[in-house]
Amino acid sequence: MSPSRVLVLNSGSSSVKYQLLDMRDSGRLAVGLVERIGEETSRLRHTPAGGETREWSGPMADHDAALKAVAAELAKDGLGLDSPELAAIGHRVVHGGKHFTRPTVVDDTVLAEIERLIPVAPLHNPANLTGIRTARALRPDLPQVAVFDTAFHTTMPESAARYAIDTETADAHRIRRYGFHGTSHAYVSRATAKLLGRAPEEVNVIVLHLGNGASASAVRGGLCVDTSMGLTPLEGLVMGTRSGDMDPAVIFHLMRVGEMSADEIDTLLNKKSGLIGLCGDNDMREIRRRIDEGDEQAGLAFDIYIHRLKKYIGAYYAVLGKVDAVAFTAGVGENAAEVRAAALADLGELGLAVDPALNAVRGTEPRLISPEDARVAVAVVPTDEELEIATQTYALVGRYGFTAPPRGN
């Protein structure tokens, strides 16, 4: 019998999220998180299926130490990295550029290309690379698979992917719209089609991934034809700490009049803007609490957030021409009924509405929240990026033969 387990790793600059799944039934055997890597106060939290959470705190120098600690915790449950049941390790990689359009078994050439993309993903790709290299060192015989956030969006036509700037300059510096959250958009668009009892190829879906980072996508017949994030995750919707769409000349104005440096503006737009810049909070629950207490600043921030979201819903309705469903996902999309109701308010002429009673129900399963006779379905679909990464990884290594490619010196 072929090995059936996949370990999914999401390596950040100072953290590693992980899940071990059995692909025979997509069941989770263990989940965990290592955070504050490189600090004296590093922490590991590990939860085996059906067991109690174990926590460990102490210094953890680097990702090598972190993954060795993860391996030790898994071994305590009989799920160690040396298990013959482990088929592959799947890695989330944020930026794959134009080159990587699907999950890819990692070899030296793939690593070099991911490294070449660091200038367009300086915060994410280096950490992703570190996780891959460490995992390869621990299990050099095991296939390592990179699953790219950008891959799902590579089906966008050039009319959607190109910026209207000088072509030679754009090509020389790889400037185009790549999009992000692609693993989530892929999973949710397919899960929405399943909820409707139809094949993905038959369904047009607007996916709204609303978390601290937020993005929208227009998916026609299972393929992305437009998405809100661009060269970086800064473009598009109002987010927790990111501005989203903005006149580029604001940057020149801040440099000339505000005498701000490029780094200062980068920090402003990525970490001090969005909801936190508008009202001092980036937690939608806290913003709604403040609104209920009559806080006008929080109310304005919410209105700006909804206004931008509604603009994208309308724009992607126009791009698709025909819409079968709008799907809300991620932390805010799955849990904030007020956001869902406000985003679709007054869009009845487009066939979009939510049933207040259904919208108020909380749950962990995909569900419809639109009226029974609605022309366009509105769904809440909990995203599962780890399962999507594991599924893509397992399908690929099954074709590949469950063996690692040769490595260079």
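**Exercise 1.** Which residue in β4 does V31 stand opposite?

*Solution.* The model under study is predicted. Begin with the strands concerned: β3 covers residues 27–35, and β4 covers residues 42–48. These two strands run antiparallel and are joined by six bridges. Within β4, the residue opposite V31 is T47.

**Exercise 2.** Describe how strand β2 is connected to β1 and to β3.

*Solution.* Step one concerns β1, residues 5–11, which runs antiparallel to β2 and shares seven bridges with β2. One of the pairs is R5 with its bridge partner D22 in β2. The connection between β1 and β2 is a hairpin through three residues.

Step two concerns β3, which is antiparallel to β2 and linked to β2 by eight bridges. Here K17 stands opposite L33 of β3. The hairpin formed by β2 and β3 has four residues between the strands, and S26 in the turn shows a positive phi of about 60 degrees.

**Exercise 3.** Is β2, residues 15–22, mostly covered or mostly exposed?

*Solution.* Buried denotes under 20% relative accessible area. By this criterion seven of the eight residues of β2 are buried, and the strand is mostly covered.

**Exercise 4.** Determine the strand order of the sheet, and explain why β5 and β7 each have one side without a neighbour.

*Solution.* The open sheet consists of eight strands with mixed pairing, in the order β5-β4-β3-β2-β1-β6-β8-β7. Strands β5 (54–58) and β7 (104–105) stand at its edges; each has a single partner strand, and therefore one side of each lacks a neighbour in the sheet.

Methods. Residues numbered from 1 in each chain as written. Predicted model: local features only at pLDDT ≥ 70, side-chain atom pairs only at ≥ 80, totals over all residues. Heavy atoms only, no water. Buried < 20%, exposed > 50% of the residue type's maximum accessible area, 1.4 Å probe, protein only. Pairing = 2+ DSSP bridges.
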